[in-house]
Amino acid sequence: MSGPHRPADPTSGTPDRDGVTDLVRWAAFSCFLVPVALLWYGASFAGAAGTAFGLAAVTGACRLLLRRSERVAARSRARGGGRQARRGGRHAGEKAPVD
């Protein structure tokens with residue numbers, strides 16, 4: 001497929017950048033942009049600073065969770081792609097049919 005609607009090549013771009021890094025960069029940008037917009041439209045400095053702090057805290061927590069999920073997924077792929085039985089699933093009751 002050619003033209004502007006072709007899918008992106010996963011090997012294009014710099015090899016050390018990934019989707020999570022781009023997502024965190026956009027979130028950090030919004031941590032700056034939202035308080036500036038609030039100040040522009042007349043919000044108090046304290047309110048804008050509180051908003052910036054809250055957005056930064058949420059961004060940091062999301063970054064930690066995304067990185068953790070990447071590590072868990074990488075470990076799962078290294079062990080065999082999830083062919084193991086999952087623990088903690090639903091258990092069949094006494095009267096439930098079992099395959």
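This report describes the helices, the burial of selected residues and the charged contacts of one protein chain.

The model is a predicted one, and its protein chain contains two helices and zero strands. Of the 99 residues of the chain, 7% count as buried, while the surface that the chain exposes amounts to about 9,000 Å², with carbon and sulfur atoms supplying 61% of it.

Helix α1 spans residues 19-40 and includes Thr 21, whose relative accessible area of 18% places this residue in the buried class, because that class takes in values under 20%. The side chain of Thr 21 makes a polar contact, at 3.2 Å, with the side chain of Arg 67.

Arg 67 also forms a salt bridge with Glu 70, in which the closest N and O atoms are 3.1 Å apart, and a search of the whole structure finds one salt bridge. Arg 67 and Glu 70 are three residues apart in helix α2, so about one helical turn separates them.

A positive surface patch is formed by Arg 68, Arg 71, Arg 75 and Arg 79. One of its members, Arg 71, lies in helix α2, which covers residues 45-78.

The table lists the accessibility of residues discussed above.

| Residue | Relative accessible area | Class |
|---|---|---|
| Thr 21 | 18% | buried |
| Arg 67 | 23% | partly exposed |
| Glu 70 | 30% | partly exposed |
| Arg 71 | 49% | partly exposed |

Both partners of the salt bridge, Arg 67 and Glu 70, are thus listed as partly exposed, and Arg 71 of the positive patch is likewise partly exposed.

Notes. Residues are numbered from 1 along each chain as its sequence is written. This is a predicted model: local features need pLDDT of at least 70, side-chain atom pairs count only at pLDDT 80 or more; totals for chains, interfaces and linings use all residues. Side-chain values use heavy atoms; hydrogens and water are left out. Helices (H or I, at least four residues) and strands (E, at least two) are DSSP runs, numbered from the N terminus. Buried means under 20% relative accessible area, exposed over 50%, partly exposed in between (1.4 Å probe, protein chains only). A polar contact is a pair of N or O atoms within 3.5 Å; within protein, one must be able to donate a hydrogen and the other to accept it, and residues adjacent in sequence count only if both atoms are side-chain atoms. Accessible areas come from the Shrake-Rupley method with a 1.4 Å probe; for residues, only the protein chains shown count as cover. Patches are made of residues with over 30% relative accessible area and no salt bridge: like charges are joined within 9 Å, nonpolar side chains (Val, Leu, Ile, Met, Phe, Trp, Tyr) within 5 Å. A salt bridge is a side-chain nitrogen of Lys or Arg within 4 Å of a carboxyl oxygen of Asp or Glu. Lys and Arg count as positive and Asp and Glu as negative; His and the chain ends are not counted. The place of a charge is taken as NZ of Lys, CZ of Arg, CG of Asp or CD of Glu.
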